[in-house]
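Please open the model in your viewer and keep the selection panel at hand. The tour moves from one selection to the next and says what is there.

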Amino acid sequence: MIQISALPAFTDNYIWLLQDHRTQRCAVVDPGDAAPVQAWLAAHPGWVLSDILITHHHHDHVGGVEQLKKATDATVYGPASESIPEREVALKDNDRVSVLGWDFDVFAVPGHTLGHIAYYHHGLLFCGDTLFAAGCGRLFEGTPEQMHTSLTRLAALPEDTLVYCTHEYTLSNLKFAAAVEPENPDTAERLAKVTQQRAAGLMTLPSTLALEKLTNPFLRVDETSVKEKVDERNGPDNRAPSAVFAALRAWKDTF
Ligand code: ZN
Ligand code: FE
């Protein structure tokens, strides 16, 4: 049995901590800062950090790796096509790695960055800055078409998959989702719930793919309601889903 919890970092990052209670070994995903991980290890004597999983090269995801490598014997996994500090296992699309005795499938999900990867183990998805709760990452390196393809691939995973993304952006994402789909009752309901959670200082993650499909406009570019909204802003053009996605992403950038 592996337990998953969040170590908050910076203002809105979560470093996901995976704990194997049988062996007292643990792993972290995207440690942008070493301090929260080292504080947790210091507070939990007997636990050994054995693995560090990296989704992409941005500093808020890799900033703590070098210090953690100095302090532990953890193995660092990361995308083959990006520069990742201390990376020992270079991963590409459809690779499979074993971490804490669990198999993780590696998916290439270009868009936010070109080499971005996600890690999937039956029902659990660690997707970095690709799919967010009610949103998606900005396109720093990839094209809208690449990101649309990446999100479509993640959305094809089982509906009960838990989505562990890196940032607490859910509330601002839902405000945008409600602007895109003002008539979507699931979006309104989720916005009300997340507003309460954030007012109480609670984390809104993980999400599920089922909930994302109901409320995340970036996974709903095939829906008439989303397409009509884009048409309303940009003029009707019988746009392909990837073009609807591109228009949505551009709108969100200035929302
Ligand atoms: Zn990033
Ligand atoms: Fe990030």
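**A tour of the metal site**

Select the zinc ion (ligand 1) to begin: its four donor atoms subtend angles of 87 to 172°, which makes the arrangement irregular, since four donors count as tetrahedral only if all angles lie between 85 and 135 degrees, and as square planar if opposite donors are over 155 degrees apart and all others between 65 and 115. This is a predicted model, in which local features need pLDDT of at least 70 and side-chain atom pairs count only at pLDDT 80 or more. Residues are numbered from 1 along each chain as its sequence is written.

Next, show the protein donors, His56 (NE2), His58 (ND1), His112 (NE2) and Asp129 (OD), which lie 2.2 to 2.3 Å from the zinc ion; donors are N, O and S atoms within 2.8 Å of the metal (3.2 Å for Na, K and Ca), and water is not among the atoms, so sites may look incomplete. Then add the iron ion (ligand 2), 3.2 Å from the zinc ion, and find Aspartate 129 bridging the two.

Move to histidine 56, in the loop between strand E4 (48-53) and helix H2 (59-62), where helices have at least four residues and strands at least two, as DSSP runs. Histidine 56 has 0% relative accessibility and therefore counts as buried (under 20% relative accessible area, 1.4 Å probe, protein chains only). Its side chain makes a polar contact with that of histidine 116 (3.3 Å), the term meaning a pair of N or O atoms within 3.5 Å, one able to donate a hydrogen and the other to accept it.

Finish at histidine 112, in the loop between strand E8 (102-108) and strand E9 (117-121), whose side chain makes a polar contact with the side chain of histidine 56 (3.4 Å).

Definitions and conventions
Chains lettered and ligands numbered in written order. Heavy atoms only, no water. Tetrahedral: all angles 85-135°; square planar, octahedral: opposite > 155°, others 65-115°. Buried < 20%, exposed > 50% of the residue type's maximum accessible area, 1.4 Å probe, protein only.
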